[in-house]
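Hi everyone, thanks for making time for this. I'd like to walk you through a structure that is probably new to you, so let's bring it up on the screen.

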Amino acid sequence: VIAGELAVTPSPGSRHQAIVTRLVTWLFTFAESRNFGRVFGGPLDVLFAEGDYLEPDILFVRRDRMHLVSARGVEGPPDLVVEVISASTVGRDRGIKLERYRLFGVPEYWVVDPDQRTVEVWKLAEGADRPLVLGASEELDWTPAPGGTLGIELTALFAD
């Protein structure tokens, strides 16, 4: 339910899920090994407010904010949200979801485009009005907490 509207999308395809699996594996392993927090692969509800529940592909909550994680899902803004877009979700992921993540205080939002082989990195906490767009030959650096940065080779992310 996004801004009070029920949103239904078809199940993701195998390419989408391969990208999600790679990212969850890399992010989870990195964050857990350094006790930075917890990475979750969807489906898991993010409950912002009554009538505003989103279900991102991947999310991360820092260790010092684990009080947001409940049996129902994550009750507040995660520190990172990742959406892997498809033809049926592209408008929503770059539109209403971006707006909701910004409104409710998600600091960082990645939009992964398997067709274009790009990752849009939105630094919402910094007030970004446009993303940093990284191509398949570049590296995405993720710093979930002081003292550690994970370099993600996008060539490996988009490998077939």
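I'll talk about one strand and its partners, and then about a few loop residues. Please keep in mind that this is a predicted model.

Let's begin with strand β7. It is mostly covered, with five of its five residues buried. Leu80, Val82 and Val84 point one way from β7, while Val81 and Glu83 point the other way. That fits a general pattern, because side chains in a regular strand alternate between the two faces of the sheet.

Now, who are the neighbours? On one hand there is β4, residues 58–62, which runs antiparallel to β7 and is joined to it by three bridges. There, Phe60 has Leu80 of β7 as its bridge partner. On the other hand there is β8, residues 108–113, which runs parallel to β7 through five bridges. Leu80 turns up again here, standing opposite Glu108 in β8.

Leaving β7, we come to the loop between β7 and α2, where Ser86 is found. Is Ser86 buried or exposed? Ser86 counts as partly exposed, because its relative accessible area is 32%, which lies between the 20% and 50% cut-offs.

Next, some backbone details. In the loop between β1 and β2 sits Pro43, and the peptide bond from Gly42 to Pro43 is cis, with omega near 5 degrees. Asn35, in the loop between α1 and β1, has a positive phi near 55 degrees without being a glycine. Arg117 lies between β8 and β9, and its phi is also positive, at about 60 degrees.

Key: Residues numbered from 1 in each chain as written. Predicted model: local features only at pLDDT ≥ 70, side-chain atom pairs only at ≥ 80, totals over all residues. Heavy atoms only, no water. Helix = DSSP H or I, 4+ residues; strand = E, 2+ residues; numbered from the N terminus. Buried < 20%, exposed > 50% of the residue type's maximum accessible area, 1.4 Å probe, protein only. Pairing = 2+ DSSP bridges.
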